[in-house]
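Welcome to this tour! Open your viewer, turn on the cartoon view and get ready to select a few pieces one by one.

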Amino acid sequence: MAQSRLPPQATCDVAVVGAGIAGLTAAALLARQGLSVELLEGHLQSGGCAGTFRRGAYTFDVGATQVAGLEPGGIHSRLFRHLGLPAPAATPLDPGCVVDLGDGEPPIRLWRDPGRWQQERQQHFPGSDPFWNLCDWLHQASWGFAGRDPVLPPRNLWDLGQLIGSLRPGNLASGLLVGASVADLLQLSGCADNQRLRRFLDLQLRLYSQEPADRTAALYGATVLAMAQEPQGLWHLEGSMQALSSALEQGLTAAGGSLRLRHRVSRLRPEQVSGWNIQGQGPGGRPFQLGCRDLICTAPPQALPALLGEALPAGYQRRLQGFSDPSGALVLYAAVARSALPAGCPAHLQLDGTEPGSLFVSISREGDGRAPAGEATVIASVFTPARPWFDGDEPTYQARKQEALAEIQAGLGQLLGLRPEHYRHSELATPRGFAHWTGRPFGFVGGLGQRPSRFGPFGLASRTPLPGFWLCGDGIHPGEGTAGVSLSALMVCRQLLAGRGLNLALA
Ligand SMILES: Cc1cc2nc3c(=O)[nH]c(=O)nc-3n(C[C@H](O)[C@H](O)[C@H](O)COP(=O)(O)OP(=O)(O)OC[C@H]3O[C@@H](n4cnc5c(N)ncnc54)[C@H](O)[C@@H]3O)c2cc1C
């Protein structure tokens, strides 16, 4: 993979800032269309929040551990088919997750088979069928709509045409609920009094939308609640999460595009006539400049004021300032002997009711490339308010970090019976680490959240008020997750190419 420095006075058709899944997808698609593409990445590897790192014999997935969209017709499958590459090897997750509400009742298993999942939820949430049937109807309508590659929110006539062309009668009916929350669906279906169901929904939705049921858009919530079941389903990548980025890198270079690692962008300036000038630091801190006609930025929207400076229109800046802070993440990366784990331990678990918050836990499988034989990696994450991690002096920060590590280990003790002596490796990442490694201001993760007021037509558009300046990634529709950011990348590529009279259609 190309890691060379940019030549002086370099220019290209399209520059993409950030080689996470969004940037890799956008760059590979545009290079495949014959455009000259430069993908600039500040880190020394691609992947961003879906990357990996090594510690001795162990390989840890930095953030994302489950992948959606690898089923036939799913976004990752469509992309690899279009790029003429095999999708990375993956095994289906069944159950997709095991959810322990911490209430002494048996945990809830998100089975892959829809019939089995229906039986499971009838057992745990008696009388809740009307709610699930309503979700299912919304999901069917939204899923078909998403597969027709709509543009949301529309910002010109072409966008509007794409949006209208993706609508079907079912969307017009489900669209009546565009301003509703998942809690409204509970009311509508007469299930609002089911406290255990509500607790389960709050826990699951916080994982995918950063918000509980009363603040998650109904149309978004209905879809993420169906992600673990066929015909969709969740997948575990063989080797590591990096397999997804590596495959996309391959697609980019095979099509003639370049990935420039260790190229951190510090300034984006519109040129006087047309196009953009990009400035930053390359390997060894040497300054670089790049000229391009179009520029796609995948850094979170909170990074735009610093990157654009006075080029940022005042109204747009106010819009950005109006978004509340997303969460940060605390992530424990640990390794244990497999014998220390309960027999038949599932790959993904969720535990409610612990300090410093509810835990999402991913455990490697024997032979999946992450740990030596007889050992397992255990990754446990929890959301945390990000900014407070940047306050205070170093000793205070280290003390808080130790406290959080001990709390997460206590949660793992409750969930898996792990004791301190079981850990062969253990380290904690805080929002400071995410900010450093992914360039995300304050280590914010997860996009803008999926409140009804920010979802779909009410979200931040990929087409910005600045000509030739585009956005994609987890702050843009349809939101976070590797599948979500790939869809946002496809959307922005279609818009950009349409502006050049070119058409991009995936099978
Ligand atoms: C703890 C955690 C768990 C998660 N679990 C899952 C999961 O199980 N499944 C799932 O699908 N998703 C999961 N996600 C979400 C998923 O990882 C992200 O939504 C997705 O990977 C974001 O991709 P992105 O390309 O938009 O952004 P990023 O991954 O943040 O990539 C942006 C890239 O841009 C680079 N960059 C930023 N600024 C600059 C700059 N100025 N110059 C050059 N480069 C720059 C960064 O280094 C980074 O590589 C999880 C996230 C976290 C944090």
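**Stop 1: a pair of strands.** Select residues 348-351, which are strand 14, and residues 359-363, which are strand 15: the two pair in the antiparallel sense over four bridges. Strands here are DSSP runs of E with at least two residues, helices are runs of H or I with at least four, and both are numbered from the N terminus. Two strands count as paired if DSSP finds at least two bridges between them. Now click on Gln350; its bridge partner in strand 15 is Phe360.

Before you go on, remember that this is a predicted model, in which local features need pLDDT of at least 70, side-chain atom pairs count only at pLDDT 80 or more, and totals for chains, interfaces and linings use all residues. Residue numbers start from 1 along each chain as its sequence is written.

**Stop 2: the whole sheet.** Widen your selection to the open sheet of seven strands, whose order is 7-6-14-15-16-13-17 with mixed pairing. Which strands sit at the edges? They are strand 7 (108-109) and strand 17 (423-429), each pairing on one side only. Next, add residues 195-209: this is helix 8, which packs on the sheet and touches strands 6, 7, 14, 15 and 16. Contact means C-beta atoms, placed from the backbone, within 7 Å. The direction of helix 8 makes about 125° with that of strand 6; angles run from 0 to 180 degrees between N-to-C directions, along lines fitted to C-alpha atoms, for helices over the stretch in contact.

**Stop 3: two hairpins.** Select strand 10 (264-270) and strand 11 (276-281). These two pair in the antiparallel sense over six bridges, and Arg264 has Gln281 as its bridge partner. Five residues lie between the strands in this hairpin, where Gly275 takes a positive phi near 90°. Add strand 12 (287-297), which pairs with strand 11 in the antiparallel sense, again over six bridges. The turn of this second hairpin holds Gly284, with a positive phi of about 75°.

**Stop 4: around the ligand.** Finally, show the ligand and the 36 residues around it; Gly18, Gly20, Gly48, Gly63 and Gly439 come nearest. A residue is near if its C-beta atom, placed from the backbone, lies within 6 Å. Which helix gives the largest share of the shell? Helix 1 does, with three residues. Strand 10, strand 13 and helix 15 each supply at least two.

Note on methods
Two residues are in contact if their C-beta atoms, placed from the backbone, lie within 7 Å. A residue is buried if 20 or more other C-beta atoms lie within 10 Å of its own, exposed if 12 or fewer, and partly exposed in between; C-beta atoms are placed from the backbone.
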